[in-house]
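Let's walk through this one together, with the model open beside the text. We will start where the chains touch and work from there.

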Amino acid sequence: MAMSTDPPALTKPAPLTTLWLLLAVTSVGMLLAPQLILRAPTEPTMGFVQRIFYFHVPCAWLAMLGALTCGVASALYLFKNSDKAEHVAVSAAELTVVFGLIAIVSGPLWARKAWGVWWQWDVRLTTTALLWIIFIAYLFARRYGGPGGRRLGAGLALFGAADVPMIYVSVSLWRTIHPKTSVVPTLDPGMRPAFWLSMVSLHVLFIVLMQLRVRLERARARYNALHLQAQDAGLIDD
Amino acid sequence: MTSASFPRQVAMLLWKDVRVELRAGELIYATLLFAIIIVLLFSFAFLGGAPPTVEVMAGVLWVALSLSGMLGISRSFEREREADTLRALLLAPVERSALYLSKLLSVSLLMLLLCAVVVPALCLLFGMQVGDAGAWGRLILLLTLGILGFAAVAALFGASLGRARVREVLLPLLVYPLVVPVLLAGARGTYAILYGTPESLDDAARWLKFLLVFDSLAVMGGLWLFEPLCATE
């Protein structure tokens with residue numbers, strides 16, 4: 001397997017100052033958000049536990065965003081053979097798993113108080129659990145699949161991304177006990193600052209993590225290419 | 001560059017799979033036996049207590065079908081790989097989509113055969129009663145549509161496993177999450193058919209439509225993705 005081409009140049013990294021700035025923004029947001037969440041009016045029927053909402057909804061939303069990003073990037077990888085897109089895809093898939101886990105853990109905690117059960121086989125819950133498992137399988141295929149695992153994962157990611165619209169419309173198409181998406185635009189004005197601050201802070205966190213993860217993936221690809229070149233040149237054994 | 005028309009290519013490739021199986025026989029017998037063993041295991045696990053409900057029967061039917069189907073599918077692709085015949089097929093002057101469709105059909109045929117064993121086994125061991133000819137027709141339609149959806153996903157990933165490591169583990173891991181909608185619709189639909197009231201039959205009709213939509217999407221996705229997924233890096 002001779003590498004005749006130069007190793008991919010270390011693509012212009014996003015300036016670190018921007019990353020630090022974004023990190024500062026999300027940190028400030030996360031310090032402020034709990035204050036706002038505590039000050040937001042208590043929802044009369046569900047009580048204090050409803051405050052999970054400020055955390056649960058942005059994380060579920062980011063998991064869906066990650067899945068869509070991974071799907072688009074995987075399509076670019078499959079059809080255009082773009083390695084850069086593959087780096088974005090795997091980073092997005094990991095973030096989908098992380099934010100999906102937060103949504104899947106915080107959901108039942110809330111449901112236990114609000115519905116009296118931890119889990120209900122409701123369409124939105126089922127499709128969300130499915131999304132999470134598909135992306136776990138994606139990471140598994142990529143990690144243990146060896147050669148060819150990347151393509152398999154990309155195929156899986158496309159199906160996973162197709163699940164996102166299902167999750168989004170599930171509450172409108174079926175009678176479910178999960179609150180509808182229309183909760184957000186019709187939110188009580190007192191709850192809005194806390195919600196939108198959480199939303200923005202977590203989005204910025206998502207962007208920061210995504211950037212860091214893509215940089216790591218590119219550095220890894222460059223390292224592998226250099227390693228192969230060094231082998232070809234006889235500089236290192238094995 | 002292709003010599004035969006598209007339907008003929010599909011038919012020829014399908015006939016090849018059937019003929020290999022008719023000569024070797026290992027896959028059919030092993031898978032059928034496995035399916036019977038799964039139903040037996042379920043009957044040992046469930047029977048003895050209260051008589052099984054219709055819901056349990058529907059669940060057992062679809063779980064037995066998907067477990068034994070997966071075994072057959074992964075074995076059939078492993079056989080292609082051992083002899084390196086999948087590579088030969090990819091090199092042959094046939095359309096990639098014809099290759100995919102023929103795999104889809106041969107997997108479906110295998111799973112339909114499984115149904116012919118699993119359904120009578122359920123009638124025998126679980127006392128499942130389907131009812132009149134209309135109910136049988138609905139059940140067969142439901143099984144066929146469910147199997148097509150299952151096969152559409154399994155054939156895509158089975159053929160693309162290629163050089164991947166841990167293939168035997170990877171295939172079920174990739175396919176099962178994607179076919180959850182099929183299992184869900186299949187089990188709910190079977191339950192509705194077995195229950196047999198007019199309202200539940202309406203419900204069954206809804207699940208049939210759901211499966212039809214899933215199948216069309218899965219087959220389209222498979223045709224679209226088969227070529228890039230089978231490509232080697």
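Chain B meets chain A through 20 residues, which are in contact with 20 residues of chain A; two residues are in contact if their C-beta atoms, placed from the backbone, lie within 7 Å. Three elements of chain B give two or more residues to this side: α6 (133–160), α7 (167–195) and α8 (198–230). The greatest share comes from α7(B), with six residues. Sorted by class, the side of chain B that touches chain A holds 14 nonpolar, three polar and three charged residues. Here Ala, Val, Leu, Ile, Met, Phe, Trp, Tyr, Cys and Pro count as nonpolar, Asp, Glu, Lys and Arg as charged, and the others, Gly among them, as polar. Helices are DSSP runs of H or I with at least four residues, strands are runs of E with at least two, and both are numbered from the N terminus.

A word on what you are looking at: this is a predicted model, in which local features need pLDDT of at least 70 and side-chain atom pairs count only at pLDDT 80 or more, while totals for chains, interfaces and linings use all residues. Residues are numbered from 1 along each chain as its sequence is written, and chains are lettered from A and ligands numbered from 1 in the order in which they are written.

A good residue to click on next is A:G155, in helix α5 (residues 149–173) of chain A. Which residues does A:G155 contact, leaving aside its neighbours within four places in sequence? They are B:L156, B:F157, B:S160, B:L225 and B:L229. A:G155 counts as buried because 26 other C-beta atoms lie within 10 Å; the cut-off for buried is 20 or more such atoms, 12 or fewer makes a residue exposed, and anything in between is partly exposed, with C-beta atoms placed from the backbone. Within its own chain, A:G155 sits 8.7 Å from A:G71, C-alpha to C-alpha, although the two are 84 residues apart in sequence.

B:L156 appears again in the largest nonpolar core, as one of the residues with the most contacts inside it, together with A:A89, B:V118, B:L122, B:A151 and B:V153. This core has 126 residues, a nonpolar core being a set of buried Ala, Val, Leu, Ile, Met, Phe, Trp, Tyr and Cys residues joined through C-beta atoms within 7 Å. The element that gives the most to the core is α6(B), with 15 residues. That helix is mostly covered, with 20 of its 28 residues buried. From first C-alpha to last, α6(B) reaches 40 Å, close to the 40 Å expected at 1.5 Å a residue; the expected span is 1.5 Å times one less than the number of residues.

B:L122 leads on to a helix pair. Beyond four places in sequence, B:L122 touches B:V39, B:M57, B:V60, B:L61 and B:M128. The axes of helix α3 (residues 54–82) and helix α5 (residues 96–125) of chain B come within 9 Å and cross at roughly 140°. Such axes are lines fitted to C-alpha atoms over the stretch in contact, with angles from 0 to 180 degrees between N-to-C directions. Among the residues making the contact are B:M57, B:V60 and B:L61 of α3(B) and B:V118 and B:L122 of α5(B). The contact residues divide into 13 nonpolar, three polar and no charged. Also in α3(B) is B:E55, which counts as partly exposed because it has 14 C-beta neighbours inside 10 Å.

Now look at chain A as a whole. Its secondary structure comes to six helices and zero strands, and its C-alpha atoms fill a box of roughly 70 × 40 × 25 Å along the principal axes. Of its 238 residues, 35% are buried. Among contacts with a separation of 6 or more, 78% join residues 24 or more positions apart.

Helix α2 (residues 53–80) of chain A is largely enclosed by the rest of the structure, because 20 of its 28 residues are buried. The end C-alpha atoms of α2(A) are 40 Å apart, which agrees with the expected 40 Å. Just after α2(A) comes A:N81, with a positive phi of about 55° although it is not a glycine. A:N81 is found in the loop between α2 and α3 (83–114) of chain A. Is A:N81 buried or exposed? With 12 C-beta neighbours inside 10 Å, A:N81 counts as exposed.
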